[in-house]
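This report looks at one side-chain contact and then at one helix. The sequence and structure come first.

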Amino acid sequence: MLDYSNWDKYPFTVDGVNFVSYINPNGDIAPRVASVPRFVLDEMNIACVREIIGQVNNMSRDEILAELEVVNSGYGNAYIGLEA
């Protein structure tokens, strides 16, 4: 598992479940993400979770983590995780 401790963190909530969008500060998308207004980034992350994972408020933490593992596979500069 990658160490995301030095990555930029953008927390957001979907249906009462707390997530964090991690962005590699050295990655090619970091400048674009930083230029987007925060509320727009939050709306994009919320829409992504709802579209790809579904109704997270009806899922266990383990089910959400399993879905996130699939969603995040293959990405090196951005990652969505559950807030600790």
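In this predicted model, the side chain of E63 comes to 2.7 Å from the backbone nitrogen of S60. E63 is part of helix α3, which covers residues 61-72. Its relative accessibility is 41%, so E63 is classed as partly exposed, since that class lies between 20% and 50%. S21 is 42 residues away from E63 along the chain, and the C-alpha atoms of the two are 18 Å apart.

The two distances given for E63 are set out below.

| Partner of E63 | Atoms | Distance |
|---|---|---|
| S60 | side chain of E63 to backbone nitrogen of S60 | 2.7 Å |
| S21 | C-alpha of E63 to C-alpha of S21 | 18 Å |

A second helix, α2, runs over residues 38-52 and has 15 residues. From its first C-alpha to its last, α2 reaches 21 Å, close to the expected 21 Å at 1.5 Å a residue.

Which residues of α2 are buried? They are L41, D42, N45, I46 and V49. Viewed down the axis of α2, these buried residues fall within an arc of 135°, so they line one face of the helix. In general, an α-helix has 3.6 residues a turn, so residues three or four places apart point the same way. F39 and E51, on the other side of α2, are exposed.

What do the buried residues of α2 pack against? Their partners are the strands β1 (8-14), β2 (17-23) and β3 (78-82), together with helix α1 (30-35). After α2 comes G54, which has a positive phi near 110°.

Conventions:
Residues numbered from 1 in each chain as written. Predicted model: local features only at pLDDT ≥ 70, side-chain atom pairs only at ≥ 80, totals over all residues. Heavy atoms only, no water. Helix = DSSP H or I, 4+ residues; strand = E, 2+ residues; numbered from the N terminus. Expected span 1.5 Å × (residues − 1). Buried < 20%, exposed > 50% of the residue type's maximum accessible area, 1.4 Å probe, protein only. Arc of directions from axis to C-beta. Contact = heavy atoms within 4.5 Å. Polar contact = N/O pair within 3.5 Å; in protein donor to acceptor, adjacent residues only side chain to side chain.
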